[in-house]
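Take a look at the chain below before reading on. A short tour of selected places follows.

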Amino acid sequence: MTGGNPTSPAVDMSLFTAIIMLCALSLLVQYSAGGENPEYLTRQGARIGFALALMLLFARIPPATLLRWSPWFYGAGLVLLVAVLMAGIIGKGAQRWIDLGVVRFQPAEIMKLAVPMMVAWVLTRLPLPPRPLGIIGSVAVVLLPVALVVVQPDLGTAILIAIAGTSVVFLAGIGWKFIVAVLLLLGVSAPLMWSMLLYDYQRLRVLTLLDPWADPLGAGYHIVQSIIAVGAGGLGGKGWLAGTQSRLDFIPERSTDFIFATYAEEFGFLGALILLMLYLFIGLRGLAISYYAHDSYARLLAGGLAVTFFVCVFVNIGMAAGILPVVGVPLPLLSHGGSSIAILMIGLGILMSIRRQRSRL
């Protein structure tokens, strides 16, 4: 069967249940990270409620409509990125946000969706697996927004945008020879990128990762305190609202970048295992939806969204565990932040929309 099933539910209930469970965990851990501030919890709940509404809305938009929207969505994202550089709000040394008065949002988050949508749009108009022309066009689609985000600077989001786009190219069936050639090129150009593209503080983060204990009160403070919090949780955790590292304000950015450290200290290894199982289920469900998608555009887009979801989880938890540099990547659905939650929920809604086209899932 290649057509849609009119009796298919608008919502994938297994996927929806996992999402709701993550949202519930988010409210629990955010309440703790926010110092038991009811207003803080109310704001996070409002963000989640709005994002869920967006997810349900996009779950009803057919993939064919998303295909037509892709160039417009991508173009609007580029315009917003240029607007950020011209008139964006500066915070913590970076110019990443646009303030509309009633709401402040981060346009770079939009490109996590717009780039895979546009790359899939480009590739489905050319023979698959992609020829050199299609690959070059796809790379250009990816590099333009990545460059605009890097100069904000926001290396973490730029990396995720690059992964979101290149994963679509990979899923389109490019040969292993091309992949190896790209990896070799990246390896050869790494010294140049290290010296010319990275800021001093970004290079320091990479060097600190090698030995964070060399400067535990300075450059290594974030990683050291996160590792201590994760280890302090033990098997069953210290209990909700009982995490000392978080409560005594040792964990930096405990509601955003290092939310996993806050969670792991309170809920321990078993709680972290439940969290990882939920993430694994959502990611694998996304890959299954991609596998059974009814056309090339839907298959490539769903696969790209699923891979990006996996990478976000891996990078954030890797930061908290001290195995990856600190690059400012939020933990999906758990981290505080309206823009990231909204875009993630829209992506999940798109997966549900693609799933509706196949009744066998």
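The paragraphs below go through a helix pair and then three single residues. Keep in mind that this is a predicted model.

Start with helix α3, residues 63-87. At 1.5 Å a residue, its 25 residues should span 36 Å. The C-alpha atoms at its ends are 34 Å apart, which agrees with that expectation. The helix is not free of bends, however: a kink of about 45° lies at tryptophan 69. That position comes shortly before proline 71.

Now add its partner. Two packed helices are described by the angle between their axes and the distance between the axes. Helix α4 covers residues 107-123. The axes of α3 and α4 come within 8 Å and cross at roughly 145°. The crossing is left-handed. On the α3 side, the contact residues include Leu66, Ser70, Pro71, Tyr74, Gly77, Leu78, Leu81 and Val84. On the α4 side, they include Pro107, Ile110, Met111, Ala114, Met118 and Trp121. What is the chemical character of the residues in this contact? They divide into 19 nonpolar and two polar, with no charged residue.

Burial adds to the picture of α3. Its buried residues are Pro63, Thr65, Leu66, Ser70, Tyr74, Gly77, Leu78, Leu81 and Val84. Ser70 and Gly77 are among them, and both also take part in the contact with α4.

Next, go to helix α1, residues 13-33, where serine 32 lies. Is serine 32 buried or exposed? Its relative accessibility is 2%, so it counts as buried. The cut-off for buried is under 20%. Leaving out residues up to four places away in sequence, serine 32 touches Trp240, Leu241, Arg247 and Glu266.

Isoleucine 174 sits in a loop, between α6 (155-171) and α7. At 14% relative accessibility, isoleucine 174 also counts as buried. With residues up to four places away in sequence set aside, isoleucine 174 touches Pro130, Ile135, Val169 and Ile179. Proline 132 is 42 residues from isoleucine 174 in sequence, yet their C-alpha atoms are 9.5 Å apart.

Finish in helix α7, residues 176-196, with valine 182. Why does valine 182 count as partly exposed? Because its relative accessibility is 33%, and partly exposed runs between the 20% and 50% limits. Threonine 42 is 140 residues away from valine 182 along the chain. In space, the C-alpha atoms of these two residues are separated by 46 Å.

How values were computed. Residues numbered from 1 in each chain as written. Predicted model: local features only at pLDDT ≥ 70, side-chain atom pairs only at ≥ 80, totals over all residues. Heavy atoms only, no water. Helix = DSSP H or I, 4+ residues; strand = E, 2+ residues; numbered from the N terminus. Buried < 20%, exposed > 50% of the residue type's maximum accessible area, 1.4 Å probe, protein only. Axes fitted to C-alpha atoms, helices over the stretch in contact; angles between N-to-C directions. Left-handed = near helix turned anticlockwise from the far one by under 90°. Contact = heavy atoms within 4.5 Å. Nonpolar A, V, L, I, M, F, W, Y, C, P; charged D, E, K, R; others polar. Expected span 1.5 Å × (residues − 1). Bend = angle between axes of the 7 residues up to and from the residue.
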